[in-house]
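Student: I would like a close look at one part of this model, namely what can be said about its salt bridges. Once that is done, please carry on to other local details that a bench biochemist might want to check against the structure.

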Amino acid sequence: MAEQNLKNVDNPIDKDSTNELVVVSDILPDKLTIIPILHRPVFPGIMIPLTFTGRSFIKIIEKAYKNKKRMIGIVFIKEQNKGDIWESELYSIGTVMKIFKISYIENDVMHVVLQGLQRFTKVRTAWKKPNLTWKVKYHYEANLKPTDELKAYTLAVMSSLKELLSINQIVQEQLKLIFSQISYENPAILLDLAASMLNSDPHKLQNLLEAFDLIKRSEKLLILLKEEIELSYLQADIEQQIEDKMSKQQKEFFLREQLKIIKKELGLEKDDKTAEIEKYQKRIKKFTLTKEASDVISDEIEKLKILEPGSAEFNVTRTYLNVLTELPWGIYSEERIDIKKVRTILNEDHYGLDEVKNTILQFISTIIKRGTVTGSILCLVGPPGVGKTSVGRSIARALNRKFYRFSLGGMRDEAEIKGHRRTYIGAMPGKILQSLKRTGTANPVIMLDEIDKVGKSYNGDPASALLEVLDPEENRDFLDHYLDVRFDLSKILFITTANQLDTIPRPLLDRMEIIRISGYIQNEKVEIAKRFLIPRQLKQHGLLKKELKIRDKALQLITDQYAREAGVRNLENQLKKIMRQVTLKIVEGNQKSFSVSSRNLKEFLGNPIFTTEKLYQKAIPGVTLGLAWTSLGGTTLYIESSAIKGRSIGFKQTGQLGKVMLESSEIAFSFVRSLLCCQEKYKNYFSEHFIHLHVPAGATPKDGPSAGITMALALYSLATEKTVRKEIAMTGELTLTGKVLPIGGLKEKTLAARRVGVFELIFPLDNKYDFDELPDYLKEGIKVHFVDYFKDVLDVVY
């Protein structure tokens, strides 16, 4: 592939060489080696430098230069072949050139100076190998005196060139050189020289090269010159607009600078640096600064005074001072100390949760009595949607404090808590100080949401960073990496939320007081929907009370068959679904008011999601109903067992059981075998049968020891073929000696039993105190048997 660069004319015309064209015209070769060029055609009478790249071009030029005549043909490419330039389609008319000088720039790159002599037309291709060679016919310009018409065209061309000279600064020098050497008696040379100066489309220039008649050539040249002039005018216009705009901006800039100086001299305005310093000094007057903070701010202000506003250090210092002076040093909200008002606010914001409210009231009364929250950090634990965040917001409202919440879920960088060091680009303080900046007080209620989902990475452990924040003995001197000045966090009331406690590091858990929010029973959910959820969703959907009425029976069905979880988030989603359908029908004009009852509920919500958790209509030997606790609340859990008689014996468990639950099943199996081996009727049962124990909902992982007595009873029922009443549920850990140990999550499990209509329960004897502490509305109608050993379970069931 070759590359040719056409440069400006060094010597547009040489009179001696022009005379030579006439003398040697009869000795121009009738066969020419052809070189294709890419960028534009070359006109006769022009001395031009070209650069060629590629061995094939260099070999041709070297061979032609060694020839006595030193002539080659230059032809413009009509359609380029990107794979091989020698296979490109060429125009049939070109220019014969004489090589004057060659020089080597680097390997495979040659600089050549040539002069155009005459136009030629291809007669035929003489040969293609080794070099492309054409048999050509030349077109000589007649050396006759020009006619009046041609003179008129020549003058028009000269006039256009002068106009172009006046507006295009780039070609001025070249045009002046043409005017100084041109002869009006030789219009052909003038036309070719003028054409060589144009920046027109190369194919249009080729069309000009192919115009042998001077009149036609003049007409085409004038058209191209007019186009060039119009383009130059447009370019000049654009340049003038840009220049005017820049001049205006420069003028405004200088005037502003002068105005600043005048105002400064008159004392009407200060420069940016002075204004910034005065702003910081004004801010700190309303603060009660510690000595450390006061010293640091003073030092930074003195440092700012000696820095130039354009320096990078100036911006770093200014940003640091902004953070320092935006923190609420010694600014506190005035607390509400009326405990009756606090109780009223909690009752307004939440229905039910009496135990939680009482604990919060006790906590707040202590704060009121002591006048400080030091040593008090609450952790609200419960399933999603039970109102943990809204409880935190209500506490802030009850205390008349500002509230700020941010989530710790997925946080992996300790700098999010303690800030970045100022040496880093884009450094900023941690979330704790940012929350103080936004609330504007030093004693807000800050909620750290999802503390059980804090991550850990190579950037550090945020949970460890929280130890200082939540430790009452340490947070009075909290040191943020960015601020590097101690700030007192002891007046902040920190409230954390979690779905479970298992994933919270023990040192962090020890610093918090746990308040469990277990969930709501059906009656509470219905009441919450009527008092809070329905009014809120009516407002959000633009509906009036008269346009939609949801009856109590429908709400009960929604909570039982569509939203059976511990919280009320899914219940609210179901209400949204109803209201979206109602708004659509009202907008379409089908109906103006709607009533949702138990009869038409399916029209809005479809088939029930939960039908019943009772898998069996009648009792079956080997099947028992247990109670379990999950991070989403309590639930019921069936245990199934079956026996296969044969030579193969053993014990198999399925249902995606965890390690602890597998061990618990092994204990239950061993205990039941030891219990029945003493009875003549059943002593050979386990040695003759293969036992399979399964926990349904196999896609759900299950773990924990509290299903011990449930699994043991299922195996006992299987072996003795005695059924267990399906209206009874149980929970308790079993030991190898038959002792029943206490379990956790008693309230959640009781709630789960009530939801599915099971009102006879078996609990470990050591959990009797926990059951007695439950609210009366949870215990109402429930018959509980407390057992100490497995034989007590058998006495209750049979």
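Tutor: What follows starts with the salt bridges and then moves to cysteines, cavities, a buried loop residue and the backbone.

The model is a predicted one, and the values below are computed from its atoms. Across the structure there are 33 salt bridges, and a few of them repay a closer look. One joins Arg283 and Glu326, whose closest N and O atoms lie 3.9 Å apart; since the cut-off for a salt bridge is 4 Å, this pair is counted. Arg283 belongs to helix α8 (residues 272–284) and Glu326 to helix α10 (residues 312–326), so the bridge ties together parts that are 43 residues apart in sequence. Glu326 has a relative accessible area of 29% and is therefore classed as partly exposed.

A second bridge stays within one helix: the side chains of Arg531 and Glu527 meet with 3.3 Å from N to O. Both residues sit in helix α18 (residues 522–540), and because they are four residues apart, about one helical turn separates them. The general background is that an α-helix has 3.6 residues a turn, so residues three or four places apart point the same way. Both partners are partly exposed, with a relative accessible area of 46% for Arg531 and of 22% for Glu527. The value for Glu527 is above the 20% under which a residue would count as buried, so the label partly exposed applies to Glu527.

A third bridge links Glu680 and Lys683, with the closest N and O atoms 3.2 Å apart. Here the two partners fall into separate classes of accessibility, as Glu680 is exposed at 61%, whereas Lys683 is partly exposed at 38%. Elsewhere, salt bridges that share partners bring Arg119, Asp192 and Arg217 into one network.

The cysteines come next, and the structure has zero disulfides. Cys677 is in no disulfide, and the nearest cysteine sulfur to its own, that of Cys678, is 4.0 Å away. Because a disulfide is counted when two cysteine sulfur atoms lie within 2.5 Å, the 4.0 Å between the sulfur of Cys678 and that of Cys677 is too far for a bond. As for accessibility, Cys677 is partly exposed at 42%, while Cys678 is exposed at 68%.

From side chains the account turns to enclosed space. The count comes to six cavities of 30 Å³ or more, and the largest has a volume of about 100 Å³. Twelve residues line this largest cavity, and those closest to its centre are Val623, Thr624, Tyr638, Val724 and Lys726. Strand β17 (residues 623–630) gives the most to the lining, with three residues. Sorted by class, the lining is made up of eight nonpolar, one polar and three charged residues.

Two further places show which residues are shielded. Asn475 sits in the loop between α16 (462–470) and β11 (478–479), and at 4% relative accessibility this loop residue counts as buried. Leaving aside residues up to four places away in sequence, Asn475 touches Glu468, Val469, Leu470, Phe487, Asp488, Leu489, Ser490 and Phe494. In helix α15 (residues 431–439), the buried residues are Ile432, Leu433, Gln434, Ser435, Leu436 and Thr439, and the helix is followed by Gly440, whose phi is positive, near 75 degrees.

Positive phi also appears at residues that are not glycine. Asp484, in the loop between β11 and β12 (486–487), has a phi of about 55 degrees and is partly exposed at 45% relative accessibility. Gln656, in the loop between β19 (650–654) and α22 (659–676), likewise has a positive phi of about 55 degrees, and at 42% relative accessibility Gln656 is partly exposed.

Another backbone detail concerns a proline: the peptide bond from Lys129 to Pro130 is cis, with omega near -5 degrees, and Pro130 is found in the loop between β6 (109–127) and β7 (133–139).

Finally, for a sense of span, Glu219 lies in helix α7 (residues 214–266) and is partly exposed at 38%. The C-alpha atom of Glu219 is separated by 77 Å from that of Gln540, a residue 321 residues apart from Glu219 along the chain.

Notes: Residues are numbered from 1 along each chain as its sequence is written. This is a predicted model: local features need pLDDT of at least 70, side-chain atom pairs count only at pLDDT 80 or more; totals for chains, interfaces and linings use all residues. Side-chain values use heavy atoms; hydrogens and water are left out. On a 1 Å grid over the protein atoms alone, a cavity is a set of points where a 1.4 Å probe fits but cannot get out, and a pocket is an open set with protein on both sides within 12 Å along at least five of seven lines; lining residues have an atom within 4 Å of a point. Grid points are joined across faces, edges and corners, and a volume is the space filled by probe spheres set on the points. Helices (H or I, at least four residues) and strands (E, at least two) are DSSP runs, numbered from the N terminus. Ala, Val, Leu, Ile, Met, Phe, Trp, Tyr, Cys and Pro count as nonpolar, Asp, Glu, Lys and Arg as charged, and the others, Gly among them, as polar. Buried means under 20% relative accessible area, exposed over 50%, partly exposed in between (1.4 Å probe, protein chains only). Contact means heavy atoms within 4.5 Å.
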